[in-house]
Amino acid sequence: MLSGAKSSLRTRDTHESLSPTTEDYSVLKERSTAKNVKSLLFSSPGQIWRSRVSWRIAAAVFMTILLVQTLVLYFGTLPAYKDRLLKDLRESGRGAIASIIDTSVSINEVPFSEDQVKRLIYTTNVSGLSIYTYETDYLSTFGARPTQNVGQLQDTSFTIFDEEAANYVTVLNPGDLKRPYYVVMRMNSQEVLDEISTYIQDTIWVMLTMSLFVTTVLMIALGRWLLEPVLFMRRNLLAAFQNPEQPNIPDSPFDKRDEIGGAIDLANKLILQNADNLTRIKSAAEDKIHKLAYYDTLTGLPNRTLFVQTLSERARQKSDGTADRFAVVTIDLDHFKDINDSMGHNVGDAILRSVAKRLRAAMPESAVVSRSGEDEYAIMMPLSSSINTSRDVAEKVLHVIRSEPFKVFNEAFQVRASIGVSTFPDDAVDPDQVLKNADIALNRAKEEGRDAIKEYSEDFDRAVQQRFQMLRDLRDAMEHEQLQLYYQPQLDLRTGKVIGAEALLRWWKPDNSKQGGTFISPGEFIPVAEQSGLIVPIGEWVMKTACTMAKSWHDEHDLKDLRIAINVSGAQFTQSDICGFTQRIINEVGINPERVELEVTESIFMDDIGHTIQTLQNLHAIGVELAIDDFGTGYSSLSYLRQFPIDRLKIDQSFIRNALNDQDDASIAKTIIALGRALNLSVIAEGVETIEHEKFLQSEGCDEVQGFRYSRPIPAEDFLEFVKSYNGDLKSFG
Ligand code: C2E
Ligand code: MG
Ligand code: MG
């Protein structure tokens, strides 16, 4: 087993990465200070006496020795000793009796006098005797009678040893006495008993001393050769258990060739090997965690966390009190979601990787290029005399991205980006804030039409604060019913009839001014409502109010043909079930859906195109009409236009406004009208302010108009008044 473990250790030794090296051992040796070894060696004997195992072994050994010695005493040495003493006693009695036998007396008479016997009894241990002839005829008894039973004389080995009475009775035969008599002799054996007890006592002392000695020697031997090594190993294992990575284990002082020394050596090696493995595994895991925590897996660039950390480090003041100036540039790829949705994530990922690669290659070593979000990157670059403004950095970035299309799977993709720029410490001394400022600038760039660089300005901050304030106020406005709808007439350009109205939101915000409040333009608050999701409840309110109003025109004022145009923002498409609530409101109000038109902007085509088509189809299935608002300003692709169930194009007012003095705008307006005709869609022009506008549109064959020329957006009552008082002749507008 031991050799097996050893050999497996040796095989592992060949795996350099897993086995502790001699260097490791020497390090650990150093760690185990001399003090440790000393205390180990000298404290162990003390520990031996406290060791439970040692005490158990010692007790067992002690008891065994004692038991064996007791057995030997009781069955061996003690009976022999007793026999010897009794033999000596008998011999002394025999000698004494033999010495007083008178050989001249007839063999049938008592061979000694009473006086002689008395003296004998007085001077020796003999306390009484009975004498018989050699034919066992009783002759006489002197002193204490030894026994009553004469028949026992035949048994020459007859003895009685009454230990309680300290009596020893034995028979001396003619052979013993060398005379023809039998003598039954009674002797006082008290001396024998005393000697036996002394013998037992002495022997017990010797036994105890011996046992103690043997046990002590054994304990010391056990301690030295077994316990000490075991305790040493236990201490090492404990150290390894408590601190498996850096176990403080001294080198083994025990002979590696014996079984325990070998086991200790092996255990130490395993502990060190384990420590080494743990350290390696941990450092590998740490590396991995570090990578996951601080790097983006797709591009391999640092992620936002690491970027922020690096930013903080670089922003720290140097010892001379100065700090580096650096640019922070945040980049967001424009319409990346479209590429992802239409071309698939593989293409999207490949583009993200290529952008990362290009940016990294274009920036100097000293710059940090990171991927900070899905399609967002952030760059930090120290400013120097050669590149001394953050704008230069941003322009370089924009150039790098725009310079040539990205080739992915043999397709070329022209990627555009919005860029926010901020400078440390010019724009903020807090590195986090610098990044936030760059993000604020980036948002500005996105809001202002993307594909542009925006440098941070303090005004942005103010604008952000104002937006928050506006959002709070808008929530209040919803609660306190400060929102209203105005209606702007829409007219048929050929017949001159009012065909409907566009519902436009108005926010009357009360204040302390003379007028008691101000109107806030939807252009200001709609984007805030869109960003916060507040557009969903506002949109529902608009739709319900506008449909209810139109229903009253139809039913109460006999204006059954009037159409109500309702603006629906892109956010409502993505953030709510627009079909569900449109259907619900139409049912609730009971309006003819054909008299309801929803105006959507081209922005909805930038989101998930499949979802948009589906939603538009569902809306169309309800029966409502669909118009594309501000047509021509957005991003719509003509190829999509055919697939959408659209009824009307609404030419953006900017083209109408400039149609008469800008050839380009005029041709755009003309093209939209022609496109409408080609696709069998009706076309409405908004922003018609003058008769010239009207004439231009008439000559191009536009179907419908809306604008200040006819009426501004007006309250519902005014709208009714307008409709009722209007004579149906466009010329009446002058
Ligand atoms: P829009 O839908 O394009 O609305 C037309 C805007 O042009 C209105 O501005 C209207 O007052 C203005 N307008 C109409 N005729 C003329 C004209 O002859 N000359 C000029 N200069 N302007 C004219 P308004 O009411 O300020 O609304 C601005 C935008 O706010 C709307 O543009 C629309 O996108 C959004 N909006 C308004 N109401 C709502 C609403 O209920 N929901 C949503 N989602 N958006 C709304
Ligand atoms: Mg509109
Ligand atoms: Mg418009």
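**Close-up views of charged pairs, magnesium ions and ligand 1**

The structure, a predicted model, holds 38 salt bridges. A salt bridge is a side-chain nitrogen of Lys or Arg within 4 Å of a carboxyl oxygen of Asp or Glu. Side chains of opposite charge can pair when their charged atoms come close. Residues are numbered from 1 along each chain as its sequence is written, and chains are lettered from A and ligands numbered from 1 in the order in which they are written. Local features need pLDDT of at least 70, side-chain atom pairs count only at pLDDT 80 or more, and totals for chains, interfaces and linings use all residues, while side-chain values use heavy atoms, with hydrogens and water left out.

**View 1. A salt bridge joins the side chains of Asp-426 and Arg-325.** The N to O distance is 2.9 Å. Asp-426 lies in the loop between strand S11 (417-424) and helix H13 (431-447), and Arg-325 in the loop between helix H9 (304-315) and strand S6 (326-333), so the pair ties together parts that are 101 residues apart in sequence. Helices (H or I, at least four residues) and strands (E, at least two) are DSSP runs, numbered from the N terminus. Asp-426 is partly exposed at 47% relative accessibility, and Arg-325 is partly exposed at 33%. Buried means under 20% relative accessible area, exposed over 50%, and partly exposed in between (1.4 Å probe, protein chains only).

**View 2. Asp-459 and Arg-462 form a salt bridge in helix H14 (residues 458-479).** Their closest N and O atoms are 3.3 Å apart. Because the two are three residues apart in the helix, about one helical turn separates Asp-459 from Arg-462. Asp-459 is partly exposed, with a relative accessible area of 46%, and Arg-462 is partly exposed, with 48%.

**View 3. Glu-588 and Arg-584 form a salt bridge in helix H18 (residues 578-589).** The closest N and O atoms of this pair are 3.7 Å apart. Glu-588 and Arg-584 are four residues apart, so about one helical turn lies between them. Glu-588 is partly exposed at 47% relative accessibility, as is Arg-584 at 43%. Elsewhere, salt bridges that share partners join Arg-563, Glu-597, Glu-625, Arg-648 and Glu-704 into one network.

**View 4. Four residues supply the protein donors of the magnesium ion (ligand 2).** These are Glu-502 (OE), Asn-567 (OD1), Glu-599 (OE) and Asp-629 (OD), lying 2.0 to 2.2 Å from the ion. Donors are N, O and S atoms within 2.8 Å of the metal (3.2 Å for Na, K and Ca); water is not among the atoms, so sites may look incomplete. Asp-629 bridges this ion and the magnesium ion (ligand 3), and the two ions lie 4.1 Å apart. Glu-502 in strand S14 and Glu-599 in strand S17 (residues 596-601) are 97 residues apart. Glu-502 is buried, with a relative accessible area of 3%, and Glu-599 is buried, with 1%.

**View 5. Arg-506 in strand S14 (residues 498-510) is buried yet has no salt bridge.** The nearest side chain of opposite charge, Glu-502, is 8.7 Å away; here Lys and Arg count as positive and Asp and Glu as negative, with His and the chain ends not counted.

**View 6. Ligand 1 is surrounded by 21 residues (each with a heavy atom within 4 Å).** The closest are Arg-506, Asp-629, Gln-653, Glu-689 and Phe-708. An oxygen atom of ligand 1 is 2.6 Å from an N or O atom in the side chain of Gln-653.

Terms used
Polar contact = N/O pair within 3.5 Å; in protein donor to acceptor, adjacent residues only side chain to side chain.
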